[in-house]
Amino acid sequence: MNISVKIIGTGLLFLFTIAAGIWLSNSGKPLNTLIFTTHKLIALSAVILTAIVIYKQLKNVKIGNVILILITAAALSVLALFISGILLSLEKPVNNMMLAVHRITSILTVLTTAVIIYLLVRRK
């Protein structure tokens, strides 16, 4: 499969994850199980596809410090997203700080992933 198709697929999964997250947030508490499960599965799919794309591209280029730092930042962002998502899903009222962490790390994850893929494709 062409790398462009994989990159577009990754981008679409990120967009669907964000859309499902907004839908979930607007649905209120208690969380709708169908929307919540959809959001989690799309997010997990996005992470897995992105990891596969990046891993396959890493085979073809020499890894520099910048790419290594960006990969670490993206991985930590994904971890923060999953943890904050779990904490937001609890039956407790929404913690505004945790919601801010979830939103900021969403943006950080998308940006770092986009830069990683751009740098890897450009170096090929």
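How many nonpolar, polar and charged residues does the lining of the largest pocket have? The legends below take us there step by step, using a predicted model.

**View 1. The whole chain is built from helices.** Let's start with the overall fold: the protein chain has 4 helices and 0 strands, which gives the pattern α-α-α-α along the sequence. Its C-alpha trace spans about 45 × 30 × 15 Å along the principal axes. Of the 124 residues in the chain, 31% are buried. The accessible surface comes to about 8,000 Å², and carbon and sulfur atoms account for 74% of this area.

**View 2. The largest pocket draws on four helices.** Here we move in on a pocket with a volume of about 940 Å³. Look for Gly21, His39, Leu88, His102 and Ser106, which lie nearest its centre among the 32 lining residues. At least two lining residues come from each of α1 (3-27), α2 (33-58), α3 (65-89) and α4 (96-123). And now for our opening puzzle: the lining has 19 nonpolar, 10 polar and 3 charged residues.

**View 3. The second largest pocket has a lining with no charged residues.** This pocket holds about 220 Å³ of space. It is lined by 13 residues, and Thr50, Ala51, Ile54, Ala74 and Ala75 are the closest to its centre. The elements giving two or more residues to this lining are α2, α3 and α4. Of these, α2 gives the most, with 5 residues. Sorted by class, the lining has 10 nonpolar and 3 polar residues.

Methods
Residues are numbered from 1 along each chain as its sequence is written. This is a predicted model: local features need pLDDT of at least 70, side-chain atom pairs count only at pLDDT 80 or more; totals for chains, interfaces and linings use all residues. Side-chain values use heavy atoms; hydrogens and water are left out. Buried means under 20% relative accessible area, exposed over 50%, partly exposed in between (1.4 Å probe, protein chains only). Accessible areas come from the Shrake-Rupley method with a 1.4 Å probe; for residues, only the protein chains shown count as cover. On a 1 Å grid over the protein atoms alone, a cavity is a set of points where a 1.4 Å probe fits but cannot get out, and a pocket is an open set with protein on both sides within 12 Å along at least five of seven lines; lining residues have an atom within 4 Å of a point. Grid points are joined across faces, edges and corners, and a volume is the space filled by probe spheres set on the points. Ala, Val, Leu, Ile, Met, Phe, Trp, Tyr, Cys and Pro count as nonpolar, Asp, Glu, Lys and Arg as charged, and the others, Gly among them, as polar.
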